[in-house]
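Welcome! Have a look at the sequence and structure below, then try the short exercises that follow, each with a worked solution.

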Amino acid sequence: MTSKRHKIGVIVGSQREPRAGLQIATFVQNTLQELQHSVDLNIIDLAVWNLPLYNEPGIPSHISSPKDYKHEHTRQWSSEIASYQAFIFVTPQYNWGYPASLKNAIDYLFNEWKGKPAMTVSYGGHGGGRAAEQLKQVCQGLRMLPLDKAVCLTFPDKDFMAKVGRGEDLGAAEVFDEYKLEIQRRFNELLSNL
């Protein structure tokens, strides 16, 4: 008897360039792969998806089949998100909130998110806790199963913030090493909700 491998999406919530999001999402993915669970962790990069500002005429909660979306980009996004059993949102904090690119990507769909566990890893000069709280509320509105606590990665100093702004290699594995156990604990909690 073979055990089912769960497919978990690691969503990079920022599209701006330069950005830290992809490096941090990769750090989260690598940190979780160390646990050697029977899961597939796939990066979903919103910069690659580059969804236009929400332009579907229908109300997502009333759409139960991808074929009922008007636009091909929405049908593809629906199919992608529906293929995952849980999500890890990796988001920066912009002006005490999470980025519009992430909100836009979330708002395209409803039933594809519904009932799925969600974990948040936020980051920024102050750790991104306020962005994580807002995202948790949205996940609750989607009837997802968000974890009570997020992992909030705080940038160590102004020099690090400058590296982020220049798009340099952040050395995330070393800089955020102290958060690895917390990320792994939260992930185990996420898996228990599957």
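**Exercise 1: The two sides of a helix**

The buried residues of α8 are Lys 180, Ile 183, Gln 184, Arg 186, Phe 187, Leu 190 and Leu 191. Buried here means under 20% relative accessible area and exposed over 50%, with partly exposed in between (1.4 Å probe, protein chains only). Before you start, note that this is a predicted model, where local features need pLDDT of at least 70, side-chain atom pairs count only at pLDDT 80 or more, and totals for chains, interfaces and linings use all residues. Residues are numbered from 1 along each chain as its sequence is written, and side-chain values use heavy atoms, with hydrogens and water left out.

Task: work out how the buried residues of α8 are arranged around its axis.

Step 1. Look down the axis of α8: the buried residues fall within an arc of 165°, so they line one face of the helix. The arc is that of the directions from the helix axis to the C-beta atoms.

Step 2. Turn to the face pointing away from the buried side, where you will find the exposed residues Leu 181, Arg 185 and Ser 192.

Step 3. Find the packing partners of the buried residues: β1 (6-12), α1 (21-33), β2 (39-45), β3 (86-92), β4 (117-124) and β6 (151-154). Contact means heavy atoms within 4.5 Å.

**Exercise 2: The largest pocket**

Task: find which residues lie nearest the centre of the largest pocket. A pocket is an open set of points on a 1 Å grid over the protein atoms alone, with protein on both sides within 12 Å along at least five of seven lines; a cavity is a set where a 1.4 Å probe fits but cannot get out, and lining residues have an atom within 4 Å of a point.

Step 1. Of the 18 lining residues, Gln 93, Gly 124, Gly 125, Phe 155 and Met 161 lie nearest the centre.

Step 2. Next, see which elements give two or more residues to this lining: β4 and α6 (158-166). α6 gives the most, with three residues.

**Exercise 3: Enclosed space**

Task: which element supplies the largest share of the lining of the largest cavity?

Step 1. Start with the search of the whole structure, which finds two cavities of 30 Å³ or more.

Step 2. Go through the lining of the largest cavity, which includes Ala 132, Glu 133, Lys 136 and Cys 139.

Step 3. The largest share, four residues, comes from α5.

Note on methods: Points joined across faces, edges and corners; volume = space filled by probe spheres on them.
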